[in-house]
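The following note is offered to a colleague who is meeting this structure for the first time. Please read the numbered points with the structure in view.

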Amino acid sequence: QVQLVESGGGLVQPGGSLTLSCAASGIRSNIYVMGWYRQAPGKQRDLVARIFSGSAANYADSVKGRFTISRDNAKNTLYLQMNSLEPEDTAVYYCNAQVGAFRLDYWGQGTQVSVSS
């Protein structure tokens, strides 16, 4: 079955950096888009960044200039390089993929990112 496996979350001090990875497996159809979403306690899940099959990317205003989304050559692994981290970045980060002609939606289990002194 389709799986999205996230790694790289953890604790970091303000101003620090962290890289998240998301490895997709069990996908036989084209991945139309992959993205990172985050959800802080008591808040809705919001888009952080996404990257399309043609490598076009967009970002939430709150992370522009600090985060970079990318994919590997196999087009099935997603990364999020996070720099200049702020306490407001603290959240559970979820990997998302939309797959195939019908753009079926898949989610990872989430990984905790905590930014604190």
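1. Setting aside residues up to four places away in sequence, Val 99 touches Ile 27, Ser 29, Asn 30, Ile 31, Leu 104 and Tyr 106. These contacts are computed from a predicted model.

2. One of these partners, Ile 27, lies 72 residues from Val 99 along the chain, yet the C-alpha atoms of the two are separated by 7.8 Å. Val 99 itself belongs to strand E9, which covers residues 91–99.

3. Is Val 99 buried or exposed? Its relative accessible area is 8%, so Val 99 counts as buried, the cut-off being under 20%.

4. Ser 21 is also classed as buried, because its relative accessible area of 19% falls under the 20% limit. This residue is located in strand E3, residues 18–25. Beyond residues up to four places away in sequence, Ser 21 is in contact with Val 5, Glu 6, Ser 7, Trp 36, Leu 78 and Tyr 79.

5. The largest nonpolar core comprises 27 residues. Within this core, the residues with the most contacts are Met 34, Trp 36, Leu 80, Met 82 and Tyr 93. Trp 36 thus links two points of this note, as Ser 21 touches it.

6. Which elements give two or more residues to this core? They are E3, E4 (31–39), E5 (46–52), E7 (67–71), E8 (77–82), E9 and E11 (111–115), each of them a strand. The largest share, 5 residues, is supplied by E9.

Definitions and conventions:
Residues are numbered from 1 along each chain as its sequence is written. This is a predicted model: local features need pLDDT of at least 70, side-chain atom pairs count only at pLDDT 80 or more; totals for chains, interfaces and linings use all residues. Side-chain values use heavy atoms; hydrogens and water are left out. Helices (H or I, at least four residues) and strands (E, at least two) are DSSP runs, numbered from the N terminus. Buried means under 20% relative accessible area, exposed over 50%, partly exposed in between (1.4 Å probe, protein chains only). Contact means heavy atoms within 4.5 Å. A nonpolar core is a set of buried Ala, Val, Leu, Ile, Met, Phe, Trp, Tyr and Cys residues joined through side-chain atoms within 4.5 Å.
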